[in-house]
Amino acid sequence: MSNSEFKFSPENIERINKEIAKYPEKKPAVMATLYIAQEQNGYISNEVIKEVATILEMTSEDVLGVVTFYTMYFQKPMGKHHIQVCTNVSCMLRGGYEIWNQVKEKLGLDNMGVSADQKFSLEEVECMGSCGTAPMIAVNEDYYENLTKEKVEEIINSLK
Ligand code: FES
């Protein structure tokens, strides 16, 4: 992990201030602030934790507690294409595990693994709210639904 300081961009400071303004105290804005931090930095480093703690008048330990509790926050840099494969009930019943195994094998990665060239990272996830169009995967913010093994192959091959 680098030792360089982390500072939010002016636009993100504005977004954080809007979040803070929704509550009587600063602390409830921690999840949104961490989300914005991850968007800017790619993951939650120790420096990010320190900066979030300072802004929200929390201890670094309290911020770290939130980061480690929720799986959506990454504590290490992930790949350019972060692939999430849902294996929860609806997806599982419609081939989610076959897709999970397919992607694992194709990329040579395990859960939370990152490829050596940082191009891909892989995560097995719980329901992402697309059960009606299961099975599904997400690549960064984009959802791909009603998948077959062939479609998955195509999607991954198309990622540059
Ligand atoms: S179970 Fe996979 S999106 Fe809901």
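**Figure 1. Strands β1 and β3 pair in an antiparallel manner in this predicted model.** Strand β1 covers residues 81-86 and strand β3 covers residues 137-139. The two strands are joined by 3 bridges. Within this pairing, Val85 stands opposite Ile137 of β3. In general, the strands of a sheet pair through backbone hydrogen bonds, and the pairing can be parallel or antiparallel.

**Figure 2. Strands β1 and β2 pair in the parallel sense.** This pairing extends over 6 bridges. His82 faces Ser121, a residue of β2. Strand β2 comprises residues 120-125. Of the 6 residues in β2, 5 are buried, and the strand is thus described as mostly covered.

**Figure 3. Four strands form an open sheet with mixed pairing.** The order of the strands across the sheet is β2-β1-β3-β4. Strands β2 and β4 (142-144) are the edge strands, and each of them pairs on one side only. On average, neighbouring strands of the sheet are turned by 20° against each other, with direction ignored.

**Figure 4. Glu123 is a buried residue without a salt bridge.** Glu123 belongs to strand β2. The nearest side chain of opposite charge is that of Lys76, and it is 10 Å away. Which side chains make polar contacts with the side chain of Glu123? One is the side chain of His82, at 2.7 Å, and another is the side chain of Gln84, at 3.1 Å. When residues up to four places away in sequence are not counted, Glu123 touches Thr71, Phe74, His82, Ile83, Gln84, Val85, Trp100, Asn111 and Met112.

**Figure 5. Asn111 lies in the loop between α6 and β2.** Is Asn111 buried or partly exposed? Asn111 counts as partly exposed because its relative accessibility is 38%, and the partly exposed class lies between the limits of 20% and 50%. A polar atom of the Asn111 side chain lies 2.8 Å from the backbone nitrogen of Glu124. Apart from neighbours within four places in sequence, the residues in contact with Asn111 are Trp100, Leu122, Glu123 and Glu124. Asn111 and Glu47 are 64 residues apart in sequence, and their C-alpha atoms are 25 Å apart in space.

**Figure 6. Val103 is a buried residue of helix α6.** Val103 counts as buried because its relative accessible area is 0%, whereas the limit for a buried residue is under 20%. Helix α6 spans residues 96-107. Val103 touches Ile83, Val85, Gly108, Leu122, Val152 and Ile156, when residues up to four places away in sequence are not counted. Although Val103 and Val85 are 18 residues apart in sequence, the distance between their C-alpha atoms is 8.4 Å.

**Figure 7. Gln38 of helix α2 reaches the backbone of Met72.** Helix α2 consists of residues 30-41. Gln38 has a relative accessibility of 12% and therefore counts as buried. The side chain of Gln38 reaches the backbone oxygen of Met72 at 2.9 Å. With neighbours within four places in sequence left aside, Gln38 is in contact with Tyr43, Ile44, Met72, Tyr73 and Phe74.

**Figure 8. Helix α3 is mostly covered.** Helix α3 runs from residue 46 to residue 56, and 8 of its 11 residues are buried. These buried residues are Glu47, Val48, Ile49, Glu51, Val52, Ala53, Ile55 and Leu56. The elements that cover them include α1 (10-20), α2 and α4 (60-69). In general, an α-helix has 3.6 residues a turn, so residues three or four places apart point the same way. Just after α3, Glu57 adopts a positive phi of about 55°.

**Figure 9. The preceding views belong to a protein with 7 helices and 4 strands.** Along the sequence, these elements follow the pattern α-α-α-α-β-α-α-β-β-β-α. The C-alpha trace spans about 50 × 35 × 25 Å along its principal axes. Of the 160 residues in the protein, 42% are buried. Among contacts between residues at least 6 apart in sequence, 63% join residues at least 24 apart.

Definitions and conventions
Residues numbered from 1 in each chain as written. Predicted model: local features only at pLDDT ≥ 70, side-chain atom pairs only at ≥ 80, totals over all residues. Heavy atoms only, no water. Buried < 20%, exposed > 50% of the residue type's maximum accessible area, 1.4 Å probe, protein only. Lys, Arg positive; Asp, Glu negative; His and termini not counted. Salt bridge = Lys/Arg side-chain N within 4 Å of Asp/Glu carboxyl O. Polar contact = N/O pair within 3.5 Å; in protein donor to acceptor, adjacent residues only side chain to side chain. Contact = heavy atoms within 4.5 Å. Pairing = 2+ DSSP bridges. Axes fitted to C-alpha atoms, helices over the stretch in contact; angles between N-to-C directions.
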